[in-house]
Amino acid sequence: MKKSEKMVHPYIPNSAPKVKAKMLEEIGVKDVDELYEDIPQNLRLKREMDLPQALPSEYALKRHVEKILSKNQTCQDNISFLGGGCWQHYVPAICDEINQRSEFLTAYAGEPYEDHGRFQALFEYESLMAELLDMDVVNVPTYDWCQASSTALRMAARITGRSEVLISDTISRERLLTIRNYCVPVLAVQMVKHCPDTGLVDLDDLRAKMTPDIAGIYFENPSYLGFIEHQGKSISDIVHKNGALSVVGVDPVSLGVIIPPSNYGADIVCGDIQGLGVHMNYGGGQGGFIATRDEERFVMEYPSRLFGITKTSVEGEYGFGDVAYERTSFAVREEGKEFVGTHAALWGITAAVYLSLMGPKGMQELGKTIMQRSQYAMKKLSEIKGVKAPLFDSPHFKEFVVSFKDTRKRVEDINKSLLEQGIFGGKSLSTEFPELGNCALYCVTEVHTKDDIDRLVQALEDCLK
Amino acid sequence: MKYSPKINEVLARSPKVAEVHPLQDVDTAQGALEIMYKLDTFLQEISGMKKFTMQPGGGSSAILAMASIIYAYHESRGEADKRDEIITTIFSHPSDAAAAAVKGYKVITLYQDEDGLPDVEALKKAVSERTAGLLITNPEDTGIFNPKIAEFVDVVHEAGGLCGYDQANANGILGITRANEAGFDLCFFNLHKTFSSPHGCGGPATGALGVTEELITYLPVPIVEFGGDRYYLSYNLLNTIGKVRAFYGVFPAVLRAYSWIMSLGAEGLKEAASVAVLNNNYILEKIKKIRGASAPYAKGRHRIEQVRYSWETLKEETGITTEDVTYRMADFGFHLWSSHHPFIVPEPFTIEPTESYSKDEIDEYLAGLEKIVGEAYEDPDRVKNAPYNSVVHKIDHSTLDDPEKWAITWRAYLKKHKKK
């Protein structure tokens, strides 16, 4: 400890020797080491940890970290057509301004009284999402879409008292792996086939698998593979007739132009808010939402915090607090609904900023722009010899499968060529959906200009010549 | 809650972080992978575990991953059906119990003895051929380090279970004691609690999960590996539980933790821990002298990084509860946390200063508590009717638990309360 006592670091104000001595005196010990009396000697680390030389100089630290980060290439310096669960949308400057404010950024587990803003901002988030989704209950965000879909299915099972769930087999592999791990061994997971031509849920297969044990079906719209599932009403009718629930994953960015799942029978809706004003962050920008109707049997099955609005002792003043806290694991441990903890609240606040900036018209314009640009991209790509886009004969939103089956090059090689041109090609589907053949999942959003798309087309033409 | 250095925020907001897509060719994301890989090696040294994943999106997600690995481990040995119990303790985080239950486990909770520690004899009675594992926090929320922790691990190992160490909060023990020496098979750190990444009102966050050599193949995919000249993502894990979160975790949190450790180094980490303990024991010493307050358990001993105190006497003598004090503290711009439920300690309040607050700030906080206690004895209504200076007045909680009245969104509020 002698050596440590010399260490004075700006992050540790009381490491200043005089202050430390004063505090030790007040406690009545000579050395900090005496405070560790309860840790047995045989459990002590008797050497200094083997870590790199410290960089207490802020400048040295900045140089060091920036040097490593400079090895990253970005979607800003290149043109990226990657999607598949993380999307490049424009992030309005105000989103970063608000989520960098220390009142939100560094706030921890405050109470409504000293952290009023956290409660109100997340209530506003819930309210804005509710408008977009046309549902009355939305949770404080969970980790991501993977978790939101997993929890939505566990909720469906608890609500129906059943033990098996169906999942449309065009779901992303990541979400499927997460759902499987989250359901095993409590729930059984079974896949529902899709129609090979359109990608849509195979209704005959769904009917055949609709046994009395089925708690619900989970499908996505727009799907992971980009096509729009227009049979939502029929799917919901089939499951409802069997006393099961319709659970739908949706890209909230699409809801300015596509009707929300609640309008075609969805009971639980989930998805990701990263597209609503959050940077990609190498996959760190994800946040999951879950929405339902305002019925006690649904609300009481959420594991998440639900911030509600209420009155205060002052007439006309609004206050905020936890709704039905007793259902959470914070209140009743393993008797609670799943678990709650630190999830993705800051991205919820960010999404609230984004939605309030965009408004209904902005979301509509955004959706239209994405539709137009992705249509243009599909059209131009299909003009390339051997290339088919989209693979599925259905309308699409912002993502679509491009088939290179009739070219002589593998997607992996095509993407290497594109990379040399400063273009990140779509995600190869060879591992996730080998049955589709030599295909890639492309994503076109409002950030892609006509020039960007034309450059992609030109680069592909050159590469496939 | 500790200081989140602004320089780390500047770095995390760089386009080299913000504008990177997780599915980019790994050759274009070498910087991100290098940071993830190196943080893994740092955490290995700090814990003694052999491999870390940054995938879990928070501490509870890491606990769920631990419970999932425990399940997959027994499944691979054909014992998953038989081993259906997880043991935890009442002062461990609620998620240690709750996430285990998500995996279908029956949860056995050990209670504290008169010293505030879980009883090793009770553990011996609890273990059996049905034991899948132990999920335990240490130090627990009482701030008392369990000196018999290695014996706990031995007892569970002998019964055939695995042991997961909840080190979400390792603020007081960095460089002092490690999961490995206590014999644990798994452990996790909250990068947002111990390693300075900001809490963001409750995430995004990272529960960095580490395992022993034997359990590496059970980790969620992918893990970051180094091939001598480049970093890559490996999906090749034989027994993997699959995934617990999208992609590879919250990279900005990983970057901030990396930067924090690089700024402090081995000596600085240990200094951060020991000053966190110094600050905590300074507060303990002062609070013991405040009328109406007490620090149950471990009388005359010191604590690690936090203490769960009690206002039991204050309540008996004045009628003022923890909740009342909490509301009054808001008037002075202070936050006072009670504890997780159930309230084992009567009228609990829990204080953890970390290494970040200066002595002056700590003294100011203590002065706030002293003032309120003074009011409680002289003019209890002053405390009862607080807050006065907060942005909001006393909240009516009755509507929040009533399905007819609760309103989780504005549109629900309009439907229920503004009938047209």
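Which residue in E8(A) is the bridge partner of Val137(A)? The answer is Thr292(A), and the strands around this pair make a good starting point for a tour of this predicted model.

## The seven-stranded sheet of chain A

Val137(A) and its partner Thr292(A) belong to a pairing between E2(A) and strand E8 of chain A, residues 288-292, which is antiparallel and spans two bridges. Both strands are part of an open sheet of seven strands with mixed pairing, and the order to follow across chain A is E2-E8-E7-E6-E5-E3-E4. At the edges stand strand E2 (137-138) and strand E4 (188-192) of chain A; each has a single partner strand, so one side of each has no neighbour in the sheet.

A helix joins the picture here. Helix H10 of chain A, residues 232-241, packs on the sheet and touches strand E5 (214-220) and strand E6 (245-249) of chain A. The direction of H10(A) makes about 145° with that of E6(A).

## A smaller group of strands in chain A

Further along chain A, an open sheet of three strands has antiparallel pairing and the order E11-E14-E13. Its edge strands are strand E11 (399-403) and strand E13 (427-428) of chain A, and each of them pairs on one side only.

To see how this sheet is joined, look at E11(A) and strand E14 of chain A, residues 439-443: the two pair in the antiparallel sense over five bridges. Within this pairing, Phe400(A) stands opposite Tyr442(A) in E14(A).

## A hairpin in chain B

Chain B offers a hairpin to look at. Strand E8 of chain B (residues 223-226) and strand E9 of chain B (residues 231-234) run antiparallel and are joined by four bridges. Across the pairing, Glu225(B) stands opposite Tyr232(B) in E9(B).

Four residues lie between E8(B) and E9(B) in this hairpin, and Gly228(B) in the turn has a positive phi of about 95°. Just ahead of the hairpin comes another backbone feature: the peptide bond from Val221(B) to Pro222(B) is cis, with omega near -5°. Pro222(B) is placed in the loop between strand E7 (207-211) and E8 of chain B.

## Backbone features in chain A

Chain A has a cis peptide bond too, joining Ala389(A) and Pro390(A), with omega of about 0°. You will find Pro390(A) in the loop between helix H13 (345-382) and E11 of chain A.

Arg333(A) is worth a look as well: although it is not a glycine, it has a positive phi of about 50°. Arg333(A) sits in the loop between helix H12 (329-332) and H13 of chain A.

## Domains

How is each chain divided? For chain A, the domain assignment gives domain 1 (2-51), domain 2 (79-89 + 361-464) and domain 3 (93-354). Between domain 1 of chain A and domain 2 of chain A, the C-alpha centres lie 58 Å apart.

For chain B, the assignment gives domain 1 (6-264) and domain 2 (267-399), with C-alpha centres that lie 30 Å apart. These two domains of chain B touch: 19 residues of domain 1 are in contact with 22 residues of domain 2. On the domain 1 side of that contact, the residues are 10 nonpolar, seven polar and two charged.

## Where the two chains meet

The contact between the chains takes 129 residues from chain A and 132 residues from chain B. Several helices of chain B each supply at least two residues to the side that touches chain A, among them helix H3 (30-47), helix H4 (59-76) and helix H8 (251-287). H8(B) gives the most to this side, with 24 residues. By class, the residues on the chain B side divide into 68 nonpolar, 44 polar and 20 charged.

H8(B) also packs with helix H2 of chain A, residues 17-27, at an angle of about 45° and with the axes 9 Å apart. The two helices H2(A) and H8(B) are therefore oblique to each other, and their crossing is left-handed. In this contact, H2(A) contributes Lys20(A), Met23(A), Glu26(A) and Ile27(A), while H8(B) contributes Leu278(B), Asn281(B), Tyr282(B) and Glu285(B). The residues of this helix contact divide into four nonpolar, one polar and three charged.

Terms used. Residues numbered from 1 in each chain as written. Chains lettered and ligands numbered in written order. Predicted model: local features only at pLDDT ≥ 70, side-chain atom pairs only at ≥ 80, totals over all residues. Contact = placed C-beta atoms within 7 Å. Nonpolar A, V, L, I, M, F, W, Y, C, P; charged D, E, K, R; others polar. Pairing = 2+ DSSP bridges. Domains from an automatic or database assignment. Axes fitted to C-alpha atoms, helices over the stretch in contact; angles between N-to-C directions. Parallel < 35°, antiparallel > 145°, perpendicular 65-115°, else oblique. Left-handed = near helix turned anticlockwise from the far one by under 90°.
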